[in-house]
Amino acid sequence: MGAMYSSVCMDSSSVSNSTSTTTRAPTISSIDRAVLDLKNTRDRLTRYKKKLVKEEESLLQRAKICCSREEKNDVKTAINLLKLRKYKNKQVEDVDGQLLTVLKMVDSIQTKEQEADVLVALKAGKDALARMHETLSLESVMELMDRVEEENELEQQINDVFMGVDLSAVDEAAIEEELAALEQATVQEHTTLAEQLPKAPTTTTTEQPLVFPTVPTKEPSSIATTTTTEPVAVAS
């Protein structure tokens, strides 16, 4: 019994933990509630306006019917219907004014929210700039700019030197002699390399002719063959 009770408690605790770990619904601020209430009021006023317009059209149609009968009581009824229609029309105008007020309030709240978001973004940007200014002081920035300027000036001086070079006749002759020496050294290097390679044979080897045996032209003479009998030993 105790084990069953403990298992039930564990199940209930696990259920409560699982429900607590689920995603929580976003919190609704007072501004959100105010905007929601205003929008609900706008929707109710819109529905009420549609109802009043429909009733106004119905009263107009009934007044037309009464006028078409041309009876004294019907004419009086038509006048009352038109008065009621006028009252409904006035209510429609009041509802329009209320709707306009509600819409202006909703727009004002949304505008203020946007301004608040902009202020938050500006504050975050200011804090980021402040942190950057802490890491990069004015002295370090000025020193870096001075180094960049010095490097640019040095590069410009080097470019000016190269752009202003004017070779004399002596310099051009020296350059031509140096070029001729490089060409001669290259030719000599190729010659030395060719001499180090093995030479190909210049004489061609003569092939020895094949010598075949002569074929006999006469028939061979008969040769007598002698057979020798060898004694056979007989066992006694």
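User: What does the accessible surface of the chain come to, and what share of it belongs to carbon and sulfur atoms?

Analyst: The total is about 22,000 Å², and carbon and sulfur atoms account for 60% of it. Areas like this come from the Shrake-Rupley method with a 1.4 Å probe, and for residues, only the protein chains shown count as cover. Before we go on: this is a predicted model, where local features need pLDDT of at least 70 and side-chain atom pairs count only at pLDDT 80 or more, while totals for chains, interfaces and linings use all residues. Residues are numbered from 1 along each chain as its sequence is written, and side-chain values use heavy atoms, with hydrogens and water left out.

User: What is the chain built from?

Analyst: You'll find 5 helices and 0 strands, and from the N terminus on the order reads α-α-α-α-α. Helices (H or I, at least four residues) and strands (E, at least two) are DSSP runs, numbered from the N terminus.

User: How do you know where the prediction is confident, and where is confidence lowest?

Analyst: Look at pLDDT, the predictor's confidence in each residue, from 0 to 100. Its mean over the chain is 74, with 68% of residues reaching 70 or more. Helix H1 (residues 2-21) sits lowest at a mean of 48, whereas H3 is highest at 85. Residues 1-6 stay under 50 and have 0 contacts beyond four places in sequence; residues 222-229 also stay under 50, again with 0 such contacts. Where pLDDT is low, the predicted coordinates should not be read in detail.

User: Why is Gln91 called buried?

Analyst: Buried means under 20% relative accessible area, exposed means over 50%, and partly exposed is in between (1.4 Å probe, protein chains only). Gln91 has 15%, so it counts as buried. This residue lies in helix H3. Leaving aside neighbours within four places in sequence, Gln91 is in contact with Tyr48 and Leu52, contact being heavy atoms within 4.5 Å. Over the chain's 236 residues, 8% count as buried.

User: What makes a set of residues a nonpolar core, and which residues form the largest one here?

Analyst: A core is a set of buried Ala, Val, Leu, Ile, Met, Phe, Trp, Tyr and Cys residues joined through side-chain atoms within 4.5 Å. The largest has 8 residues: Leu38, Leu45, Leu52, Val92, Val95, Leu99, Val102 and Val106. Helix H2 (30-69) and helix H3 (72-135) are the elements giving two or more residues to this core, and the largest share, 5 residues, comes from H3. Apart from this core lies another of 5 residues, including Ala63, Cys66, Ala78 and Leu81. Back in the largest core, Val102 touches Leu38, Thr41, Arg42 and Leu45, not counting residues up to four places away in sequence.

User: What makes Glu115 and Lys112 a salt bridge?

Analyst: The term asks for a side-chain nitrogen of Lys or Arg within 4 Å of a carboxyl oxygen of Asp or Glu. Glu115 and Lys112 meet at 3.7 Å, N to O, so the pair fits the definition. They are 3 residues apart in helix H3, which means about one helical turn separates them. Glu115 is partly exposed at 40%, while Lys112 counts as exposed at 55%.

User: How many salt bridges does the whole structure have, and which others can I look at?

Analyst: The search finds 9. Among them, Glu143 pairs with Arg147, with the closest N and O atoms 2.8 Å apart. Those two lie in helix H4 (residues 138-163), 4 residues apart, about one turn of the helix. Lys123, Lys126 and Asp127 are joined into one network by salt bridges that share partners. Another bridge links Asp43 with Arg42 at 3.3 Å between the closest N and O atoms; Asp43 is partly exposed at 32%, and Arg42 is partly exposed at 27%.

User: Why does Val118 count as partly exposed, and which patch does it help to make?

Analyst: Its relative accessibility is 48%, so Val118 falls in the partly exposed class. Val118, which lies in helix H3, joins Leu119 and Leu122 in a nonpolar surface patch of about 310 Å². Patches are made of residues with over 30% relative accessible area and no salt bridge, with like charges joined within 9 Å and nonpolar side chains (Val, Leu, Ile, Met, Phe, Trp, Tyr) within 5 Å.
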